[in-house]
Amino acid sequence: MAAHAEITIASAMTLLSLLLSRDPQVVGVIRTSLEKLAVGVEVCRGARSGCEILSSEKFDAVIVDCDDLQGGLDVLHNLRHGETNKNSVTFAILNGKTTTHEAFKLGAQFVLQKPVSASGAARCFNAALGFMEREQRRYFRHPVDMATVVTSKLGQELKATATNLSEGGIAILFRGKWLKGMVSKVSFTLPGESAMETKAELAWLDGSGRAGIRFSELSQSSRQRLERWLADH
């Protein structure tokens, strides 16, 4: 972890949050509340260093002290425009300068008002816990080794091997040349499940026989099957 942040994570914790604040009272209350829910807390006391962390590390939740941390509002606004944490569950801590409506417009999903009480923080984080778990499942990548077929809009098929799988997409290894035309769909069979086919698009291609495929349209039944399979594994 970066030297400018401090982190407290118990071994059983699976969720991770970033708290941007210089307020000792806020840090103490929020850290205690989140750790009771088995959520790790990384504390950063500067907006600039916070942006650096957010550009390279993935968090299930981001909590920003908007009114009392210089640059805090900018962090909240820019969060949704980045790639790494644009879908993280976001909390704004306010102290009379920014309104709740303004915080929501900037991308906050939950708001805490100062002084932050233990009971208020507990209610807020308990309400958000399901969203945080859902975000973790969305980006968590489970290693797999299964046959996969990628099809282009021109009808060309590429046989590949999937190496990891998440709710949002799949990474593959392939031999030979990449497809002609844009990716249209991907099909595979989860171990112990029936075949699955979904509309898809190319997320990345590294030129050495590896690619990432993003699911662009999963049916409700397919999504439920995939979520269930990932949860079981």
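**Exercise 1. Give the volume of the largest pocket and describe the residues that line it.**

Step 1. The largest pocket has a volume of about 680 Å³. A pocket is an open set of points on a 1 Å grid over the protein atoms alone, where a 1.4 Å probe fits, with protein on both sides within 12 Å along at least five of seven lines. Grid points are joined across faces, edges and corners, and the volume is the space filled by probe spheres set on the points.

Step 2. The lining consists of 27 residues, and those closest to the pocket centre are R138, R141, G168, A203 and R214. A lining residue has an atom within 4 Å of a point.

Step 3. The model is predicted: local features need pLDDT of at least 70, side-chain atom pairs count only at pLDDT 80 or more, and totals for chains, interfaces and linings use all residues. Residues are numbered from 1 along each chain as its sequence is written, and side-chain values use heavy atoms, with hydrogens and water left out.

Step 4. By class, the lining holds nine nonpolar, eight polar and ten charged residues. Ala, Val, Leu, Ile, Met, Phe, Trp, Tyr, Cys and Pro count as nonpolar, Asp, Glu, Lys and Arg as charged, and the others, Gly among them, as polar.

Step 5. At least two lining residues come from each of α5 (118–139), β8 (157–165), β9 (169–174), β11 (195–205) and β12 (210–217). Helices (H or I, at least four residues) and strands (E, at least two) are DSSP runs, numbered from the N terminus.

**Exercise 2. State where R214 lies and how far its C-alpha is from that of G168.**

Step 1. R214 belongs to strand β12.

Step 2. Its relative accessible area is 37%, so R214 is partly exposed. The classes are buried under 20%, exposed over 50% and partly exposed in between (1.4 Å probe, protein chains only).

Step 3. R214 and G168 are 46 residues apart in sequence, yet their C-alpha atoms are 6.0 Å apart in space.

**Exercise 3. Trace the strand pairing from β7 to β11.**

Step 1. Strand β7 (residues 142–152) runs antiparallel to β8, and eight bridges join them. Two strands pair if DSSP finds at least two bridges between them. V150 has L158 in β8 as its bridge partner.

Step 2. β7 and β8 form a hairpin with four residues between the strands, and G155 in that turn has a positive phi of about 90°.

Step 3. β8 is joined to β9 by five bridges, again in an antiparallel arrangement. Here T161 stands opposite L173 in β9. Three residues separate the two strands of this hairpin.

Step 4. β9 also pairs with β12, antiparallel and over five bridges. L173 has R210 in β12 as its bridge partner.

Step 5. β12 in turn runs antiparallel to β11, with six bridges. K199 is opposite E217 in β12. The β11–β12 hairpin has four residues between its strands, and its turn includes G207, with a positive phi of about 85°.

**Exercise 4. How many disulfides does the structure hold, and what are the distances for C44 and C124?**

Step 1. A disulfide is a covalent bond between the sulfur atoms of two cysteines. The cut-off applied is a pair of cysteine sulfur atoms within 2.5 Å.

Step 2. The structure holds zero disulfides. For C44, the closest cysteine sulfur is that of C51, at 8.8 Å, and this is too far for a bond.

Step 3. C124 is in no disulfide either; the nearest cysteine sulfur, in C66, is 12 Å away.

Step 4. C44 is buried, because its relative accessible area is 0%. C124 counts as buried as well, with a value of 10%.

**Exercise 5. Find the side-chain polar contacts of T98 and S222.**

Step 1. T98 sits in the loop between β5 (89–94) and α4 (100–105). With a relative accessible area of 7%, T98 is buried.

Step 2. The side chains of T98 and D67 make a polar contact of 2.6 Å. A polar contact is a pair of N or O atoms within 3.5 Å; within protein, one must be able to donate a hydrogen and the other to accept it, and residues adjacent in sequence count only if both atoms are side-chain atoms.

Step 3. S222 is part of helix α6 (residues 220–232). S222 is buried, at 8% relative accessibility, and its side chain contacts that of S219 at 2.9 Å.
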